[in-house]
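Student: Please take me closely through one helix-helix packing in this model, from its geometry to the residues that make it.

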Amino acid sequence: MPLFDLLSDYTFQNVVMGASLLGLISGPLGCFAVLRRQSLLGDAISHAALPGICLSFIITGSRDIGGIIVGSLATGSLAALTMLMLTRMSRLKTDAGLGICLSIFFAVGIVLLTYIQNTHNASQGGLEAFLFGQAAATLRSDLWVMGGITLITLLLLAVFWKQAKLVTFDAEYARTLGMPTTAIEATLTTMVALAVVVGLQMVGVILMAAMIVAPAAAARQWSRHLGGMLVIAAAIGIVSGVSGATVSTLSRGLATGPLIVLTATTIVLISLALAPGRGLLWGLAQHYQRKRALRRQQLLYAFYKHPSATPRYYNTLGVRLILYRLRRQGYLTQQSNHETGSQRITRWKLTARGYEEAKKVVATFEATPS
Amino acid sequence: MMAALLSSTDLQIMLVGAMVGIASSAVGTFLVLRGNSMLSDAISHSIVFGIVIVWLLTKQQSGTVQLVGAALTGLLTVLLTEALASTKRVKQDAAIGLVFPALFSIGVLLLNIYAHDVHIDTHTVLLGEIGFVWLDTVNLFGLPIPQALVSMSVMTVLNYGFIFLFYKELKLATFDPALAKTFGFMPSVLFYVLLMLTSSTAVAAFDAVGAVLFIAFAIVPASAAYLMTDRLWMMFVIGALVSIGSSVCGYYLAVHLNVSIGGMMAVMTGIFLMLAFLAGPRYGVITQQIKRRRARQTPMEPPSLS
């Protein structure tokens, strides 16, 4: 399909806009979830949206997006509350609470889903699409609703910015200041549920967890500031949403949700490897740089202290590279010795410059208390 | 007698449900106690990847290869999670949330691509079809026994065999890993074996209950047991009883309401958990209320003078 045709394709436009909206809302809210170590809460909330979707279908009898949003928001929040109740009032830990809520709410959803399938024969088509998302079925009217939710959520976040920030990083201090920390935490959790609602149509309940975690985890590598992290997370969310949706449209038959998730995961891996300051590759490079510097100093030290000795490790590759580098820099000279028969022995000697340099190294070595 | 029992599909389905619960709550108990319950979530999602890969390589839908392949996938999930967390760039929970959706997505995409010749579609992946287990039987001792029942029984024996053999090591490794390490019990190796068993159980249970409901069978009976008792062996007993109870109740309710049997069984485990949460003998919310009220009403006895 030529690019222009693709861009003017009505369905494709809808899908791209929906994916962008999803990235825009799930990125920033995911940041709070990840920073508050509640990454998996998104998973539980999104699985718990399923019974809400089914309930709204049973009550309204249609796939109306308003009802679905209210329903999934209600059961999602109920799951989060149940999780809190289980962990606060019994000795179950958070992980067990999450696992219980996730699986039981999902099971209720499955039961309701089969109930609908067995009783309402018509018009239930596509309810199962919410498991994996069905981006192509996005309507313009759905987009308005999704856009409205995104806008309201982001505005709310802007209004409570200071409070949300403090609760995220130092809840104890926020409490001593007299802030209603529980209310703010509940608001942040509800907003995660809102992000889940927006993502239902696009990626489905199963993979929504990744859309909460992945953009935020990637953004964390690039920024040390909450504001910057939020903006980057939103950008990453949008990029992965749009590219996943595009690939899915171009290759007919590949599900949108998994593609979006895989794009986001790839961005996380790239960020982990390359982000300035925190990137794993930079760390590795630094490690080898330090190792080389140390070996260079050791060599200079050895030549200074024992000028006539020929250490065995001359022949290892790493040492050889450093020797050649030192020669290039003019610290060492190489003398070939033909006297001992056919065997050619090369001897390395410090030049005058090298002698000066080695003197400094020896001085620092000996100044350091061992 | 046995033949008569096994010819009833009701009983077969309930037996499979109970066996799924018994086998998975055995490993689930340790996950709950160690605070790693969400690993069951990660494992059960990512074995979809393993199942598809093994299918593509060997064209086998079930059997030993599938079980081993899935065990390795489960292990891969945990290793990837730990590798991610050990970079210190992401926290443990975020690492779980990154690894399993990625593997699950790859699995789903592969299913998309090869959908035309795989019978495992995304629908069965998630829900399973416990109602049809009696269709797929193998002959054992001259009796037609459902394949799922055989594989679940094997997993139950394996799980409980492992737990029985290494009971004291597992116990110590769960409650005091540091001490277990100084004794040379290798708690991390034990834990990895446990996770491999968890993934194998998930695969065996896969056809019957699917990926997500497996979490309910693994975590919920074990959590209910944790709310009821302080003894490890008692947790297994209660976990098994809860599984049997939910399997029987869930089956009849599901048939009565004409809904998903696996889903209803999982919902029943939730109901049992709620009961344990409210009315457990020592830690139940209502029990504690009653105890507190009784303590308030009985007058404080003066310390007896000897």
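Tutor: Angles between axes under 35 degrees count as roughly parallel, over 145 as roughly antiparallel, 65 to 115 as roughly perpendicular, and the rest as oblique. This is a predicted model, in which local features need pLDDT of at least 70 and side-chain atom pairs count only at pLDDT 80 or more, while totals for chains, interfaces and linings use all residues. Residues are numbered from 1 along each chain as its sequence is written, and chains are lettered from A and ligands numbered from 1 in the order in which they are written.

Chain A contains 15 helices and two strands (DSSP runs, H or I of at least four residues for helices and E of at least two for strands, numbered from the N terminus). In the pair chosen here, helix 4 (residues 65-89) of chain A and helix 10 (residues 181-222) of chain A have axes that come within 9 Å and cross at roughly 140 degrees, the axes being lines fitted to C-alpha atoms over the stretch in contact, with angles from 0 to 180 degrees between N-to-C directions. Helix 4 of chain A and helix 10 of chain A are therefore oblique to each other, and their crossing is right-handed, that is, the near helix is turned clockwise from the far one by less than a right angle.

From helix 4 of chain A, the contact (C-beta atoms, placed from the backbone, within 7 Å) draws on A:Ile69, A:Ser72, A:Leu73, A:Gly76, A:Ser77 and A:Ala80, and from helix 10 of chain A on A:Thr189, A:Thr190, A:Ala193, A:Leu194, A:Val196, A:Val197 and A:Leu200. By class, the residues of this contact are eight nonpolar, five polar and no charged, where Ala, Val, Leu, Ile, Met, Phe, Trp, Tyr, Cys and Pro count as nonpolar, Asp, Glu, Lys and Arg as charged, and the others, Gly among them, as polar.

Note on methods
Two residues are in contact if their C-beta atoms, placed from the backbone, lie within 7 Å.
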